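This report walks through one protein model, moving from a single buried side chain to the cores, a helix and the bound ligands. Please keep the sequence and the 3D view open while reading.

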Amino acid sequence: MAPLQITPVHPVLGARVEGVDLTAAVDDATFRKIHDAFQEYSVLIFPGQRLTDAQQMAFTTRFGPLETTIKSIGQERRLHENMVDLSNVDPKAEERLMGWNDRRMLYQSGNQLWHTDSSFKPVPAMASLLSGREVPPTGGETEYVSMRHAHATLPAGLQRRLEGRVVVHSILYSRSTIAKGLFDPEHEQELPPVRQALVRTNPFNGRKAIYIGSHAWYIEGVDDAESRRLLDDLLAHTTRPECVYQHRWTQWDLVMWDNRAVLHRGRPWDAERYRRVMRRTTLAGEGPTADPPYATRTPAWDGIIPEGVGV
Ligand code: OGA
Ligand code: MN
């Protein structure tokens, strides 16, 4: 096999990694280079990796422990608890394709909002690895932006203002912007809002990133309207078109991203026509980013969710 080759794909984030076979055990020297590239580039693309679930989990655990996933609506668990199933193929109805009006797909459509995985959990995910098992011929891309570059390009005064701030994240908040009733009341109880640092520092290289995304609900100690405006402005700054890396999937690409440093979103595709079957493993984070991890304020949903939003 050709030597490991790492090629940047965008001026501010992302690199292609070639010359490694992830279906087999990766030697320590190669792993170290991949690890360092991950810290540096935040998004790594490994083309041509025909991974089984077990192989994907094995590669992911080289970096650390896996995160178990929350049960999403309407999906009985068919896979290992460390695998996330992102698919429009209905397992219960003879592989029929589900359109965007299916409740399960509506829930998944939350992935089309800019987000960072499991920022609504007290210990948010460090990284995600997404394997394109079946990909549509057009649409269904995944886009990435760097929250590190976003931080670096903020005015110094604003950087100082954000330092030490805490943002409350909630998946009930983010999904409420799509549709009501996506969670059962008992399930809602299991998803209390959590506190996250607004500015995070990478322990390997000291680079700072803002930490926002769709689950970011409000900034503590800032008036609600001002907080919303600031979060919206930070998101607009982070997602300027020239900052976006769009990944167009080829079957058997594996894409790994650093949830501490990038936001991502899926793009729509013709879901009634084309199969899109993706499998994700998630690398657990090292600990909470704020202390204490849980928010005390009770969600005032009716005041926050605009009527008639979504479906
Ligand atoms: C994810 C995700 C988007 C996509 O796997 O965490 O947000 O394009 N995926 O499937
Ligand atoms: Mn995601």
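Which backbone oxygen does the side chain of Thr 238 reach, and at what distance? In this predicted model, the side chain of Thr 238 reaches the backbone oxygen of Leu 234, and the distance is 2.6 Å.

## Thr 238 and the nonpolar cores

Thr 238 belongs to helix H8, which covers residues 224-238. With a relative accessibility of 1%, Thr 238 counts as buried, because that value falls under the 20% limit used for buried residues. When neighbours within four places in sequence are left aside, the contacts of Thr 238 include Val 145, Ser 146, Met 147, Ala 150, Ile 210 and Ile 212, and they also include Cys 243 and Leu 263.

Two of these partners, Met 147 and Ile 210, reappear in the largest nonpolar core, which has 21 residues. The residues with the most contacts inside this core are Met 147, Leu 162, Leu 198, Ile 210, Ile 212, Ile 219 and Leu 234. At least two residues of the core come from each of helix H4 (147-152), strand S12 (208-210), strand S13 (216-219) and H8, and H8 gives the largest share, three residues. Ile 210 shows how such a core residue is surrounded: leaving aside neighbours within four places in sequence, Ile 210 is in contact with residues including Met 147, Leu 162, Leu 198, Leu 234 and Thr 238. A second core, separate from this one, has 20 residues, among them Phe 38, Leu 44, Met 126 and Leu 254.

## Helix H1

Phe 38 leads on to helix H1, where it is one of the buried residues, together with Thr 30, Phe 31, Ile 34, His 35, Ala 37 and Gln 39. The elements that cover the buried residues of H1 include strand S1 (5-8), strand S3 (43-46), helix H2 (53-61), S7, H4 and strand S15 (254-258). Helix H1 runs over residues 28-41, and since a helix is expected to span 1.5 Å a residue, its 14 residues should span 20 Å, which agrees with the 20 Å between its end C-alpha atoms.

The N-terminal end of H1 is capped by Asp 27, which has a side-chain oxygen 3.1 Å from the backbone nitrogen of Ala 29. After H1 comes Ser 42, and the phi angle of Ser 42 is positive, near 70°. Within H1, Gln 39 counts as buried at 5% relative accessibility, and, leaving aside neighbours within four places in sequence, Gln 39 is in contact with Arg 148, Asn 202, Phe 204, Asn 205 and Arg 260.

## The manganese ion and ligand 1

Which residues coordinate the manganese ion (ligand 2)? The ion is held by His 115 (NE2), Asp 117 (OD) and His 264 (NE2), at 2.1 to 2.2 Å, and these donors follow the spacing H-x1-D-x146-H along the chain. Asp 117 and His 264 link distant parts of the chain, since Asp 117 lies in the loop between helix H3 (103-108) and strand S7 (127-134), while His 264 lies in strand S16 (residues 262-266), 147 residues apart. Asp 117 is buried, with a relative accessible area of 4%, and His 264 is also buried, with a relative accessible area of 5%.

The residues that surround ligand 1 include His 115, Asp 117 and His 264, and among the others are Leu 86, Trp 257, Arg 276 and Arg 280. The table lists polar distances from side chains to an oxygen atom of ligand 1.

| Side chain | Distance to an oxygen atom of ligand 1 |
|---|---|
| His 115 | 3.1 Å |
| His 264 | 3.0 Å |
| Arg 280 | 2.6 Å |

## Two further buried residues

Asp 102 is found in the loop between strand S6 (96-97) and H3, and it is buried, with a relative accessible area of 15%. The side chain of Asp 102 reaches the backbone nitrogen of Arg 104 at 2.9 Å. Leu 97, in strand S6, counts as buried at 18% relative accessibility. Leaving aside neighbours within four places in sequence, Leu 97 is in contact with residues including Asn 88, Val 89, Ala 271 and Tyr 274. Leu 97 and Gly 221 are 124 residues apart in sequence, and their C-alpha atoms are 46 Å apart in space.

Technical notes:
Residues are numbered from 1 along each chain as its sequence is written. Chains are lettered from A and ligands numbered from 1 in the order in which they are written. This is a predicted model: local features need pLDDT of at least 70, side-chain atom pairs count only at pLDDT 80 or more; totals for chains, interfaces and linings use all residues. Side-chain values use heavy atoms; hydrogens and water are left out. Donors are N, O and S atoms within 2.8 Å of the metal (3.2 Å for Na, K and Ca); water is not among the atoms, so sites may look incomplete. Helices (H or I, at least four residues) and strands (E, at least two) are DSSP runs, numbered from the N terminus. Buried means under 20% relative accessible area, exposed over 50%, partly exposed in between (1.4 Å probe, protein chains only). A polar contact is a pair of N or O atoms within 3.5 Å; within protein, one must be able to donate a hydrogen and the other to accept it, and residues adjacent in sequence count only if both atoms are side-chain atoms. Contact means heavy atoms within 4.5 Å. A nonpolar core is a set of buried Ala, Val, Leu, Ile, Met, Phe, Trp, Tyr and Cys residues joined through side-chain atoms within 4.5 Å. The expected span of a helix is 1.5 Å times one less than its number of residues. A residue is near a molecule or strand if one of its heavy atoms lies within 4 Å of it.
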